[in-house]
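User: I'd like to go through the labels on this model and hear what backs each one up. Can you take my questions in turn?

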Amino acid sequence: MLPRKRGAAVASEEDPHKKARPAGSAQDDMAMAARPAAEIDEDLHSRQLAVYGRETMKRLFASNVLLSGLQGLGAEIAKNLVLAGVKSVTLHDEGDVELWDLSSNFFLSEKDVGHNRAQACVQKLQELNNAVIISTLSGDLTKEQLSNFQAVVFTDITLEKAVEFDDYCHSHQPPIAFIKSEVRGLFGSVFCDFGPEFTVLDVDGEEPHTGIVASISNDNPALVSCVDDERLEFQDGDLVVFSEVHGMTELNDGKPRKIKNARPYSFTLEEDTSSFGSYARGGIVTQVKPPKVLKFKPLKAAIEEPGEFLMSDFSKFDRPPLLHLAFQALDKFRSELRRFPIAGSTDDVQRLIDFAVSINETLGDGKLEAIDKKLLHHFASGSRAVLNPMAAMFGGIVGQEVVKACSGKFHPLYQFFYFDSVESLPVEPLEPADLKPQNTRYDAQISVFGAKLQNKLEQAKIFMVGSGALGCEFLKNLALMGISCDQTGNLTVTDDDVIEKSNLSRQFLFRDWNIGQPKSTVAATAAMAINSKLHVEALQNRASPETENVFNDAFWENLDAVVNALDNVTARMYIDSRCVYFQKPLLESGTLGAKCNTQMVIPHLTENYGASRDPPEKQAPMCTVHSFPHNIDHCLTWARSEFEGLLEKTPTEVNGFLSNPSAYVAAARTAGDAQARDQLERVIECLHNDKCETFQDCITWARLKFEDYFSNRVKQLTFTFPEDAMTSSGAPFWSAPKRFPRPLKFSSSDPSQLNFILAASILRAETFGIPIPDWAKTPNKVAAEAVDKVIVPEFQPKQGVKIVTDEKATSISSASVDDAAVIEELIAKLEEISKTLPPGFHMNPIQFEKDDDTNFHMDVIAGFANMRARNYSIPEVDKLKAKFIAGRIIPAIATSTAMATGFVCLELYKVLAGGHKVEDYRNTFANLAIPLFSIAEPVPPKTIKHQDLSWTVWDRWTVTGNITLRELLEWLKQKGLNAYSISCGTSLLYNSMFPRHKERLDRKVVDVAREVAKMEVPSYRRHLDVVVACEDDDDNDVDIPLVSVYFR
C-alpha cells in the first residue's frame, strides 16, 4: 500500500495510542482540528471515500484499535482495518503459531510455527498499508492498557475476562468501544458495547432523499405534492426541510418538519399552513437525517438479558437463544477442562450438553423449553476449528463494527449476533475416525468436515472469473481451504484487467509495485504464497463468445464449479448462460458499498442468474441534460459528454479524416444525414476557426468556450423562453422540475472560473501537442492576466432558434432537407483547410481517466458541471463528488467484499460435497450499514409442463444421428409439439411461413447450418445446437429446451 503523507518519525513525534473522543462528539471535532490532519490519498481511497466520505475517513485516520487473538478471525479483522486506514492497530496474542492455524490465517506459513502469532503477522500486515502504525503486545493484558484505544476487539477470551474488560471500557471516560467475537467451527457470534450513550451520526449511509415541489396547500395539515419525475422515497415520520419555495416563503426557514401519509408523489406536513403565503412555484424538499443515540448494556447485563437478537435466517428463528446458551456452555467447558472438546468425542459432546442444561436451569423466565442436542453435538465437535469462510464473513462484520465505533458512520450491531451454517456439513454422517487430525495445514477444516470432503476439495477443478476485489478474497479463501491443491486439482482464474492504484485499498493481494501488471497473474502468485500446493493457472482472457476457443467444450465439461468475481451484468449473464449450457454450478456474488448479495445457481435445483433481472436505471431525457438540468447529476452527465466530444471524439474524427481523406469523405456522403453534417462542422471548426498553435490560443479557446456555454447559450435559451413564457396548454413553461437559468459573468478573480479555464487550456494544448508552461498549472496572477487578454465578442440572441424540449427526443441535431447539399459545401471547405496543415499533422485524443488527480480531467469535468450548476442555481459539488458521479465509480469497501466471499465459500463446501437438497443452499442479501442479513433458500427453477413432459432451463434435449430438418420436425411431433421455426445462432434455418424453406426439409440439419448460418462445428465438438419454436395442438406457444443434434 502507498503511504499517506505524515510527519517523519511519527511514533516518536506523537503517541500512536493518543486518546481521541467518541465518534460524533464536539470534543472529537476539536481534537481532529488540533491535530495535523492526515492527508487522504484520494487516488488510493476513492472507492472507500465513495462509501464513507471525508469526515468518516478523517475519524478513522485518528483511531487506535487493539485486536486480541490472531487466529483466522483476528487476521481477517486486522486486514480489513489496515486496508480501511485506521491510525494504528495493536496486535495481541499470547499463543504461538501451530500448524492448525494455517487453515484460516493467511499471514502465516509453515516457517512461522512456534513463533508468537501476533509478531508473525506484523510484516505482511504492514505491507497492506504503510500509513497504518502496526505494533504488538504479548503477555497478559491489563484493563488499564485498554485506555490507549478507541476500540478493542477480542476473538479468543474467556467470558470472565471479557466481562472485566467490558466493564472497564463501558465506564471509562470517554467510553471505549468493546467488541467480542468468536468463530467456532460453523458457528459464530458477535457482541458489541459502545458505551452508555453512543451517537450514530449517519444510520444508513444513504444520500438524503429529495423531491421537487409542485404544489403546497394552505391547510392543516398541509398537502405537499411533488412532480412525477421520480417517486418519492420518504416514509412516515421522516423529517424534511424546504428551500427555494416561492410564495409560501415561511417554509424556507430551515426548520425540520415531520411528514406523514407519505405517498409516491405526495405527503402531508404536520403543520398548519393556512396563514402562510400562497404557494406560487418552485421548492425543493430534502430529508433530514438526525443523529441517533444508542444506550448499550455492558456484557454482564446483556448476557443475562440479551434483548432482541439480530436475525439472519428466518428459517432458524429459534436458533439465536440456543447459540447464546451454547457459547456460554463452551466457555464453561474450556474454563474447567482447559481445552476445547475433541472432534468426534461423544463424551465431550455430552459434557458440553450438560453444561448447557445446567446454565439453562438458572435462566428463570429466559429458560429454553427444549435444547437441540443434535445442534450442540455439531457445535461441540467442531468448536476448536476456525474455518476460513466463517473467519472471512465475521472478519467483514467485525471490521465494519470497528469502523462504526471509531466514526459514528452507520448503525452499530445492537448487541448480539449469532450465525451458523450447519447445512454446510456433508449429507452423510461423519465418523469420528474421519475427523482426526492428519498433521496437515487443513486439520482444523478436517475436524469439522472430515478427510473425505477435504480430499474432494483438493481435487476440485474450479473456474474463477475475475481477480479484482472479490477475486483476491476468493483466491485467499480457496488457498486456505485447500481447493485445487492436489495434483489432480486445478484452479483457472482469468481477468483481462491490470492493477491500478485505486485497487490497492481493497484488493489486498496487490502491492504498489504491482501497478500496471496483470491482475490474474499477480493474484495467483500471491495465492500460491499463501499455500504453495495450490494448482492455479492465471489467464488474461476475457470470458466471452470471442474466447470460446480458449474456454472450449472440453474445458467446461471438466469443471466441478464456477465462481464469479465480476463487476458487470453483461459478463455475469454470459457466464450464467455457459453454466446452464454445460450444467455446472455457479457461485455468484456482488457488492455495492456496504451491501452484498450472493446467489447459488445449482443445476436442476435453483433458478439461474438470468432468470431475474433488476430494472434498467432511469436515464434523464436528452433535452433535460442539454437545456433543462435540475440536479447535479444532469450537469455532470452533460459535462462528461462535452469533455468526450471536445477532447476525444473531435480529435479522433480529425485523425480519421487526415489518415484517409477520401474514405472519410465518401463515408460522410454515404451517410448524408444531420450526424454526418455535425461531424464535418466539428472537424472544420477544430482545424480552422478554433485551431491552436500557441498556449495563448488554447486559453483563448477555453475562455470563449466559457462564454459560449455559460453565458451566450443561457441568454439564447432565456430569449427563446422568457421567464414568463407559457406552454401551448397555458401552463408556465418554467414550472417544476425546470429551473430558470441565469448567465454567468466571467471574472478571473473567481478561483473556480480561472481554474476551469486553465484546466481546459491545458487539455486543449495536449490535443494539439502544444507545450504547457508551468505558470498555467495553478491559478495565479500571470494566468489571470493571460485570460483577461482574450477579447470576447458581444453576443446578441437570435430569433427563430430551435431548442429541443421534447423529452422523447434522442438527438439534439436537427435534420434538414438539404443536408446532402450542406455536406458537399463542408467537404469542399475541409479539403481546402487540409492543404494549409503542416505535413504529418495529427491530434492527440484524450480518453477520460478518472483515477489520476494530476491529469486535469476531473478539473475540467467538475468545472464544466459546477459552472452549469451555477447557471441553474443547483448546489455545486467538489471534485471528489464529481469524480464519483461522472466517473461512475462503484462504491466499494473491503469489509463487505470479505463477507460476501465468506458466504459463498460456505456454499462451496456443499457444491463440492454433492448430495445437498435445494433447502440446504442459501442466497444472501446483507447490508453492513444497517446492519441487515437476509438469508434464504434459493428459488427453484420454473418448470414448464406439456402433456406428460416437464422441463426447466437446465434441460437440454438431445437427438442422436445426422438427421434432416424433416426428421427433427417429426421427432418433435412425437412429443405433441408442432415446430414452426428452427434457428441456429442468429440465422433462420427453417420457418413454415416461407415456402422456399420447404426445399430444405430433406437436407441434414448440420448442412443447412453450414450453408445458411455459416456454422462450422469445431472438430472437438460432436453436436450442433438449434433453437426450435413450437406450438401445441391448440396453437399455444410452448417454450422448449435447446435441442442438441449429435451428428458425429
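Analyst: Sure, here are the labels one by one, with the reasoning for each; keep in mind that this is a predicted model.

User: What makes β10 and β13 a pair?

Analyst: Two strands count as paired once there are at least two bridges between them. Strand β10 (residues 239-243) and strand β13 (residues 284-288) have five bridges, in the antiparallel sense, so they meet the rule of at least two. You can check it on single residues: Phe242 stands opposite Val285 in β13, and Leu239 stands opposite Val288 in β13.

User: And how do you know that β10 pairs with β11?

Analyst: That one rests on two bridges, again antiparallel, between β10 and strand β11 (residues 257-260). The rule asks for at least two, so the pair counts. Look at Val240 for an example: its bridge partner in β11 is Arg257.

User: Which strands close into the barrel, and in what order?

Analyst: Six of them, running β8-β9-β12-β11-β10-β13, with antiparallel pairing. From one strand to the next, the twist averages 50°. The two pairs we just went through, β10 with β13 and β10 with β11, are part of that order.

User: On to the empty spaces. Why is the largest cavity called a cavity?

Analyst: The name is for a space where a 1.4 Å probe fits but cannot get out, so the label says this space is closed to that probe. There are nine cavities of 30 Å³ or more in the structure, and the largest has a volume of about 210 Å³.

User: What makes up the lining of the largest cavity?

Analyst: It has 19 lining residues, and Leu159, Lys180, Glu182, Phe327 and Gln328 lie nearest the centre. α9 brings the largest share, seven residues. Elements giving at least two residues each include β5 (177-184), β6 (187-193) and α9 (319-337). Sorted by class, you get ten nonpolar, five polar and four charged residues.

User: Why is the second largest pocket called a pocket rather than a cavity?

Analyst: A pocket is an open set of points with protein on both sides, while a cavity is a space the probe cannot leave, so the label here goes with being open. Its volume is about 810 Å³. Of the 29 residues lining the second largest pocket, Glu94, Asp156, Ile157, Thr158 and Arg334 are closest to the centre. α9 turns up here too and gives the most, four residues. By class, this lining has seven nonpolar, seven polar and 15 charged residues.

User: How do you know that there are zero disulfides?

Analyst: A search of the whole structure finds zero. Take Cys686: the closest cysteine sulfur, in Cys692, is 7.8 Å away, too far for a bond. The cut-off is 2.5 Å, so that couple fails. Cys1030 is in no disulfide either, with the nearest cysteine sulfur, that of Cys984, 16 Å away.

User: And why are Cys686 and Cys1030 called buried?

Analyst: Buried means under 20% relative accessible area. Cys686 comes out at 3%, so the label holds. Cys1030 has 1%, and therefore it is buried as well.

Technical notes: Residues are numbered from 1 along each chain as its sequence is written. This is a predicted model: local features need pLDDT of at least 70, side-chain atom pairs count only at pLDDT 80 or more; totals for chains, interfaces and linings use all residues. Side-chain values use heavy atoms; hydrogens and water are left out. Axes are lines fitted to C-alpha atoms, for helices over the stretch in contact, and angles run from 0 to 180 degrees between N-to-C directions. On a 1 Å grid over the protein atoms alone, a cavity is a set of points where a 1.4 Å probe fits but cannot get out, and a pocket is an open set with protein on both sides within 12 Å along at least five of seven lines; lining residues have an atom within 4 Å of a point. Grid points are joined across faces, edges and corners, and a volume is the space filled by probe spheres set on the points. Ala, Val, Leu, Ile, Met, Phe, Trp, Tyr, Cys and Pro count as nonpolar, Asp, Glu, Lys and Arg as charged, and the others, Gly among them, as polar. Buried means under 20% relative accessible area, exposed over 50%, partly exposed in between (1.4 Å probe, protein chains only).
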